[in-house]
Number of protein chains: 2
Amino acid sequence: MPHVTLEDVARAADVSLATASRALNGRRVTPHLHDRVLAAAARLAYTPNAHARALAGASHRSVGVICHDVTDPYFAAVAGGVMRVAADNDLLVMLASTFRDPEREIAYVSMLRAERAPAILLIGSGFEDPRWDRALAAELTPYLDGGGRVAVVSRHRNLKVDSVLPENRAGAAALARALLGLGHRRFAVLSGPSELTTVADRFGGFRDELAAAGVTLSPAAVAEAEFTRDGGYQAMTELLGRGLDATCVFALTDVMAVGAYAALRDHGLSVPGDISVAGFDDIPIVRDLTPPLTTVALPLRQLGEKAMELALTENPGRRRRISRLPAEVVLRASTSPARA
Amino acid sequence: MPHVTLEDVARAADVSLATASRALNGRRVTPHLHDRVLAAAARLAYTPNAHARALAGASHRSVGVICHDVTDPYFAAVAGGVMRVAADNDLLVMLASTFRDPEREIAYVSMLRAERAPAILLIGSGFEDPRWDRALAAELTPYLDGGGRVAVVSRHRNLKVDSVLPENRAGAAALARALLGLGHRRFAVLSGPSELTTVADRFGGFRDELAAAGVTLSPAAVAEAEFTRDGGYQAMTELLGRGLDATCVFALTDVMAVGAYAALRDHGLSVPGDISVAGFDDIPIVRDLTPPLTTVALPLRQLGEKAMELALTENPGRRRRISRLPAEVVLRASTSPARA
DNA sequence: TAGCACCCTGAAAGCGCTTACTGAAAGCGC
DNA sequence: GCGCTTTCAGTAAGCGCTTTCAGGGTGCTA
């Protein structure tokens, strides 16, 4: 059963294709004919074929957004920002999840490119291996040459595109200072997959600031796992198994911190009584944990909004525009002064 | 700057358009020419135009998913299931958020229809007002006639399409029984927007089961708000302001329960010491609340997976297939026996 | 009333691709 | 070696739309 086409509508309204097209697109047409076309279209439940339309030159309205994992509150919040701006601009969003697989990420870019999406947004940490940046650039460059718009969030290396950069490094450093200020000297870190650049930024910022204060982080006090709740649980459990003697744990993401809470509880340790915990991101739920989590707040919605806005605003010279968004330490009850 | 087209590739490889197309699509072509075409395509960074392709008859690969709010963990989890199955089938998903606006929902269906998406999934409660179902049906029917596939999750009225139905009513009833079993007799309910059918199902199932046990729910013990964390906070606060004397609160969604926890804490009440709390959905985070939340567990991922599977499997007679997924009461520490 | 400028409609040319259909070359049996 | 089938490249016809271009009314000016 084929779809109703413009030709059907034109025939039903007894006008030419051109007139039907113009009437439907609000171009000047005698009111009389205009009404006849609209009536026919309604009667036939006509919906224009977006592909034909796109092919014939009309720009189309679905932007692509690629993130690592929609079920992660961090990405959900950023995507929420993207969608808000998209909705305001009457744009449809195609959201894809890569599950942190760089190959899948590239495959999605390729699909979006094939769709001739007017814009592609990449949300989330890049990968350390330069091979992926090269492969990505190979996809992105012809896309940009073809007039496509690209904006990325939280990924800065080697990609000459508009970027929204949360202050991962500075935020982690600020957190380190705050924690040092509370008197902590022995730290543990729940780190994420080392192939992600965000890990290097946050971990590096934290460690360097500690070092500047003369505090070193022993490798034994660092555990690496997935950026998930269960990853956090696992990493914390591992550290505990090693006989941890830290007074404060820094989880590279709030989601991991949630898992850490559970692991600590399962070991009969209280937060912050036995150990302080800090996270990063300020996803909405951490305010409702017991105790509320100290973290580095990122303006999550704004990250998405800004990225969408960048992709929407003209950039004639194709200069790389960078929008840095501040990270701010939020002290809550999960951290307390270190005991003497 | 126009895109590289198949014609460019054909010319570069010195073959006809048809041959280039065949080579790229893995049809039988002399190995010699085949290689030449692929080499040329790679050299030119050719990406086929999905629109032209779709127009020319090749089916295309992006299914549409419409949900109420991607930032809500419930939808995020369901969407995660959808994406998993979609990824396995090499499908791109276009995810849209309606923010619970029925007009926007219909607008999205229309856009997706225009895109000739092979399938459309509607995730989340429908609206009570039959007007919306009619408007939706008016969009969906021609889409189905045109060979489109539709599956819905958690929306059962009046829509003759494949459905995945969580046992909202039965689940709420089972929860009521469990709570009665704990000795509770005075209940309060944090309800959601009354225009959502899910509200009627859950609330109705709960209330009717209570009634069957001779327990009535006074209107004063019911507060209505948005299905959000803040909505839950607000509804709970309102109830508290009214001088609540319930021993147990049922929040229609877990997300609302999170807000209720906060409101209770702000009023100096402890859970379950002063009052028991139960939710619905079993979103991942509620296990990590303090205390862990008693709730009605829905297989969230599966809801999405099943819906995607339904939309993917042939349905020759276009019969309405219904897949009912069970809801299960999970008792955790947020509920305790009622004090005598 | 003739001449000119407008406005609006319809015919037709693509947009980039897939896929019959056509035709040439090659492989086979006798 | 001839006529047959088989294989595979090329030609061309759309898919459904937008838009340019041409042409024919109409209203205005002189």
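Tutor: Contact here means that heavy atoms lie within 4.5 Å of each other, and with that idea in hand we can read this structure, which is a predicted model.

Student: Which residues does S276(B) touch, once residues up to four places away in sequence are not counted?

Tutor: Leaving those sequence neighbours aside, S276(B) touches H184(B), T247(B), C248(B), V249(B), S334(B), T335(B) and S336(B). The residue itself sits in strand β9 of chain B, which covers residues 276–278.

Student: Is S276(B) buried or exposed, and how do I decide?

Tutor: Buried means a relative accessible area under 20%, and S276(B) counts as buried because its relative accessibility is 1%.

Student: Where is R202(B) found, and what does its side chain reach?

Tutor: R202(B) belongs to helix α9 of chain B, residues 197–212, and it is buried, because its relative accessible area is 2%. For a polar contact we look for a pair of N or O atoms within 3.5 Å. Here the side chain of R202(B) reaches the backbone oxygen of L252(B) at 2.7 Å, while a polar contact of 2.9 Å joins the side chains of R202(B) and N168(B). Both L252(B) and N168(B) are among the residues that R202(B) touches, and that list also includes F280(B), D281(B) and L298(B).

Student: Why should I look for nonpolar side chains in the interior?

Tutor: In soluble globular proteins, nonpolar side chains tend to be buried together. In this model the largest nonpolar core has 201 residues, and F206(A) and F206(B) have the most contacts inside it. Apart from neighbours within four places in sequence, F206(B) is in contact with several residues of chain B, including A172(B), L179(B), F187(B), L217(B) and F250(B).

Student: How many residues does each chain bring to the contact between chain A and chain B?

Tutor: Chain A brings 52 residues to the contact and chain B brings 53 residues. The area buried between the two chains is about 4700 Å², and carbon and sulfur atoms give 60% of that area. On the side of chain A, the residues H51(A), L92(A) and R116(A) supply 16% of the area that this chain buries against chain B, which is more than any other three residues.

Student: How many residues surround DNA strand D, and which are the closest?

Tutor: There are 25 residues around DNA strand D, and the closest are L6(A), S21(A), R27(A), Y46(A) and T30(B). Of the atoms of this strand that come within 4 Å of the protein, sugar and phosphate account for 65%. It then helps to look at single atom pairs: an N or O atom in the side chain of R27(A) is 2.6 Å from a phosphate oxygen of DNA strand D, whereas a backbone N or O atom of A52(A) lies 3.2 Å from a base nitrogen of that strand. By element, α2(A) gives the most to the surface near DNA strand D, with four residues.

Student: Which residues are the closest to DNA strand C?

Tutor: For DNA strand C, 24 residues surround it, and the closest are T30(A), L6(B), S21(B), R27(B) and Y46(B). Sugar and phosphate account for 67% of the atoms of DNA strand C within 4 Å of the protein. A polar side-chain atom of R28(A) lies 3.1 Å from a phosphate oxygen of the strand, and a backbone N or O atom of L55(A) lies 3.1 Å from a base oxygen. Sorted by class, the surface near DNA strand C has 12 nonpolar, seven polar and five charged residues.

Technical notes
Residues are numbered from 1 along each chain as its sequence is written. Chains are lettered from A and ligands numbered from 1 in the order in which they are written. This is a predicted model: local features need pLDDT of at least 70, side-chain atom pairs count only at pLDDT 80 or more; totals for chains, interfaces and linings use all residues. Side-chain values use heavy atoms; hydrogens and water are left out. A nonpolar core is a set of buried Ala, Val, Leu, Ile, Met, Phe, Trp, Tyr and Cys residues joined through side-chain atoms within 4.5 Å. Buried means under 20% relative accessible area, exposed over 50%, partly exposed in between (1.4 Å probe, protein chains only). A residue is near a molecule or strand if one of its heavy atoms lies within 4 Å of it. A polar contact is a pair of N or O atoms within 3.5 Å; within protein, one must be able to donate a hydrogen and the other to accept it, and residues adjacent in sequence count only if both atoms are side-chain atoms. Helices (H or I, at least four residues) and strands (E, at least two) are DSSP runs, numbered from the N terminus. Buried area is the accessible area (1.4 Å probe) that two parts lose on being put together, summed over both. Ala, Val, Leu, Ile, Met, Phe, Trp, Tyr, Cys and Pro count as nonpolar, Asp, Glu, Lys and Arg as charged, and the others, Gly among them, as polar.
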